[in-house]
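Trainee: I'm new to this one, could you walk me through it slowly?
Mentor: Gladly, let's put it on the screen before we start.
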Amino acid sequence: MKPLSIEWLREDGEAFSQEISREYYLAHSGQKPVAELQPIYQRHAGVLGPDALALTVDAFRNAPENSEERRSARLLVEWQAEAQSARQLAELDEREIAWESSAVVQVTDTRAIQFETTSIEIANSTDPDERHAIERARAALMQRELAPIRRERFQRERDITEELGLAASYNATFELLSGVPLAQLRAECEQFLRDTQALWDDTLPEFAKRVLHMEPAALTRADAGALFRAREFDAYFPGNQMEASIRKQVREMGVDPLAAGRITLDTGDREGKRSRAFCSPVRIPDEVYLVLRPHGGQSDWMTFLHELGHALHFAYMRPDLPFEFRWLGDNSITEGYAMLFDHLLKDSGWLKRYTELGASALPAFVRSMGFEELHFLRRYSAKLIYETDLYGGAVRWESLPELYVERLSTATGFRYHHADAFVDVDPRYYAARYLRAWQLQALLAETLVERYDVDWWRNPRAGPWICSALFGEGQRELAHEQAERVSGKALSFAPLVRAIERALA
Ligand SMILES: [Zn+2]
C-alpha cells in the first residue's frame, strides 16, 4: 500500500466517492437491483481507516488559523470523522432499513398497511378519523420497535464523536468541523418563531377550515400531511410541459441546462426507480445525473427545479478545485442553490411565464405557497432547537420525547407523537444546513434582483454570473462567508419573513 499523505487521500478519496456515487445512481435509478457497496469499501479500506483520520486531524491542528490549508484540512477531518461514525453505526442503520421495508401497521382487525406507505395513505385520506387511526397505529408500532433502534443510534453517534477528543462535546465538535455557528442559529430560530407567531396564528385556522374543514384545536401531524397534499393547482402544472418549460427558462437565463452534455436528465418512468428524486454527481463536474420518477402536478415541478439547482452546481464547478471543495464542504451551499431554483415556484412573474397558472388562479397559489413556506420554516426551526437538546446532553434521553412533542406541536399547531422523537431527526444537523440554505437563497435572490432586475431568471447576463461567481466555487466557502461576499449582508431570517409576509398579504 502507498504511504498515507493528504495528496493520496485526495486522489483515492475521489476515486472512492465516484464509485460509491455511481453504485447508488445505478441502484436508485432502477438500472441495477441492489447497490453493491461492500466491494468498494474493501477496495478503498485505507481511505476510511483510523490512520486516514489521524492524518487529517494532524494536518488540521498544524495548519495556521484562517489559512487555506486549515480550510482544506477542516473539510477533510469532517469527512473522516463522519466516515468513522458511519462505519460503526452501519449495523444499526442496516437493521433500521430492514425494519422499515418489512414492518406492517395493523390499523384495525381487518386492515394492515406497509409501514413505508403509511404517510402516503394518511395524506391521501380525506377522513380525519381515518387519518388519526392510521397515525395512532403507526405511532404505537414505532414506539415499540423503531424508536429504540434510533435512540441507540443517536446515543452511540454522540459517544463516538465525543471520543474523537477534538472538542469538549458533540455540539462543540460539530461547530469546530462544520464551521456552522450552531448556538447562534438556534437563537435565530427562537427569534423567528416569536416573530412569526401572530402571522401563523392568523393563517393556520383559515387553511384548516377551508381545505380540511377542521377546527385548529383538533389538528395532528397527520392532518399536516393531508393539508399540504392538496392538489387543487395540479392542472396548472402539466407533466408533459415541465422539462421543456424549465429548460427554456434556464436557456433564457444564458445557461445551457445540460451543461454541454455533462448533465443527463433521467425523468421518465422506469420499474425499480426510486419514488424520491435525487441528483447524482458521479464525476464532478463531468458526469452528473438528475433522476426523477414522475408523479404529476406541482410537486414534480418543485422537485425538478430543486434537483436541477444541485445538478447545475455540480456541472459548473471549476474542475481545478481540489477534491474537498468539489465533493465535501458546507451542504448549505448546494441546498441553497437547489432552493434558489425551487423558490422560482413562488415568483409570480416566473409562474405567469412558464406555467399554466392564469391571472385568476395566481394569487391563491402564491398565498398557499407562502403558507406552506411558513409551516416548513417553523417546523425546521423547532426541529433544530430540539435537535440541539438531543445532541447537547443536558436533557436526559427519557425526557426527550416529551420535549419533542412540546416544541414541535407549539411551533406548528399540529399535535405531534412521542414515538417520532428519535425518528424525526436528521442525523448530524442536516436541518441546520437546510435552514442556512433557506437564508442563503433569500439573500441570493435579493442580490440577483438588484443586479439583474425582478426577472433575473430570464436575463441572459444573470446565468453566466451565477455559474462563475456561485457554482464555480464548489463548496469551498461556508454559507455565511458566501452571503457576505456576494450580498455584503449577514445570513438571517429577515428576507424570508419579508417574502412570506408579501405572499400572505
Ligand atoms: Zn437538496
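Mentor: We will take the overall form and then one strand and its partners.

Mentor: Please keep in mind that this is a predicted model, where local features need pLDDT of at least 70, side-chain atom pairs count only at pLDDT 80 or more, and totals for chains, interfaces and linings use all residues. Residues are numbered from 1 along each chain as its sequence is written.

Trainee: Ok, how many helices and strands does the protein chain have?
Mentor: The protein chain has 21 helices and 5 strands, taken as DSSP runs numbered from the N terminus, with helices being H or I of at least four residues and strands being E of at least two.

Trainee: And how much of the chain is buried?
Mentor: Buried residues make up 40% of the 505 residues, where buried means that 20 or more other C-beta atoms, placed from the backbone, lie within 10 Å of the residue's own.

Trainee: Which strands does β5 pair with?
Mentor: Strand β5 pairs in the parallel sense with β3 (residues 263–266) over 4 bridges, while β4 (residues 278–283) runs antiparallel to β5 and is joined to it by 5 bridges; pairing requires that DSSP finds at least two bridges between two strands.

Trainee: What is the bridge partner of L265 in β5?
Mentor: That partner is L290, and L290 is also the bridge partner of C279.

Trainee: What joins β4 to β5 along the chain?
Mentor: A hairpin does so, through 3 residues.

Trainee: Is β5 itself mostly covered or open?
Mentor: Strand β5, which covers residues 287–291, is mostly covered, with 4 of its 5 residues buried.

Key:
Buried ≥ 20, exposed ≤ 12 C-beta atoms within 10 Å, placed from the backbone.
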